[in-house]
Amino acid sequence: SPLKEVQQAARLPSVVAAALQLINGVVFIGEGIQQGNQHFTSLAVCTALGAVGMLTSLHLWGSTLAGVWASFTVFNLIRLFGVLRHHFLTGPLAKSKTAI
């Protein structure tokens, strides 16, 4: 938009959205690995926890655009934690599960 006010208002959400793409890439790959390994329960639990975190964040901060983006960030960070936990600690590809 050529309007300076619109450009200023869109700056922070666009930076947050760009940063989230780094997280989302890892999350989507990790969730794909979980699906491929047929670990649907852990994937569903992690997604449900992410949804609860996001809804809680929306309740606290969702009245602004920045609050909505922060809530979406909470959702994706919880999912990121879940896929990293699955990959490195509990999943079939975790070091503790493979032969040394």
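# Notebook: three helices and the loop after H1

I began at the end of H1, where the next residue noted is Gln38, with a positive phi near 60°. I take helices as DSSP runs of H or I with at least four residues, numbered from the N terminus. The model is predicted, so I kept local features to pLDDT of at least 70 and side-chain atom pairs to pLDDT 80 or more, while totals for chains, interfaces and linings use all residues. Residues are numbered from 1 along each chain as its sequence is written, and side-chain values use heavy atoms, without hydrogens and water.

**Entry 1: Gln38.** I looked up where Gln38 sits, and found it in the loop between H1 and H2. Is Gln38 buried or exposed? Gln38 is exposed, because its relative accessible area is 60% and the exposed class begins over 50%, with buried under 20% and partly exposed in between (1.4 Å probe, protein chains only). Most residues other than glycine have a negative phi. Gln38 is not a glycine, yet its phi is positive.

**Entry 2: H1.** I checked the length of H1 against the expected span, which is 1.5 Å times one less than the number of residues. For the 33 residues of H1 this gives 48 Å, and the end C-alpha atoms are 47 Å apart, so the two agree. I then looked for a bend and found one of about 35° at Arg11, with Pro13 following within four residues. The bend is the angle between axes fitted to the seven residues ending at a residue and the seven starting there.

Which residues of H1 are buried? I list Pro13, Ala17, Leu20, Ile23, Asn24, Val27, Gly30, Glu31 and Gln34. An α-helix has 3.6 residues a turn, so residues three or four places apart point the same way. The buried residues of H1 pack against H2 and H3; I count a contact when heavy atoms come within 4.5 Å. Ala19, also in H1, is partly exposed because its relative accessible area is 42%.

**Entry 3: H3.** H3 covers residues 65-90, which is 26 residues. From first C-alpha to last, H3 reaches 36 Å, close to the expected 38 Å. Its buried residues include Gly67, Phe75, Asn76, Leu80 and Val83. I noted that the buried residues of H3 pack against helix H1 (4-36) and helix H2 (40-61).

**Entry 4: two buried residues of H3.** Ser71 lies in helix H3 and is buried, with a relative accessible area of 0%. What does Ser71 touch, leaving aside neighbours within four places in sequence? Ser71 is in contact with Met54, Ser57 and Leu58. The C-alpha atoms of Ser71 and Leu58 are 5.7 Å apart, with their positions 13 residues apart along the chain.

His86 is in H3 as well. I found His86 buried, at a relative accessible area of 6%. Not counting residues up to four places away, His86 touches Gln34, Asn37, His39, Ser42, Gly91 and Pro92.

**Entry 5: the salt bridge.** How many salt bridges does the rule give? The count comes to one. The rule asks for a side-chain nitrogen of Lys or Arg within 4 Å of a carboxyl oxygen of Asp or Glu. The pair is Glu31 with Arg79, at 3.0 Å from N to O. Glu31 is in helix H1 and Arg79 in helix H3, so the pair links distant parts of the chain, 48 residues apart. I checked the burial of both partners: Glu31 is buried, and Arg79 is buried too.

**Entry 6: Thr47.** I followed Glu31 to Thr47, which lies in helix H2. Thr47 touches Glu31 and Phe75, not counting residues up to four places away in sequence. Thr47 counts as partly exposed because its relative accessibility is 30%. I also looked up the separation of Thr47 and Gly67: they are 20 residues apart along the chain, and their C-alpha atoms are 20 Å apart.

**Entry 7: the nonpolar patch.** Which residues form the nonpolar patch on the surface? Val26, Leu84, Phe88 and Leu89 form the patch, with about 380 Å² of accessible area together. Areas come from the Shrake-Rupley method with a 1.4 Å probe, and for residues only the protein chains shown count as cover. Patch residues have over 30% relative accessible area and no salt bridge; like charges are joined within 9 Å, and nonpolar side chains (Val, Leu, Ile, Met, Phe, Trp, Tyr) within 5 Å. The largest share, three residues, comes from H3. Leu89 is in helix H3 and counts as exposed at 57% relative accessibility.

Conventions:
Helix = DSSP H or I, 4+ residues; strand = E, 2+ residues; numbered from the N terminus.
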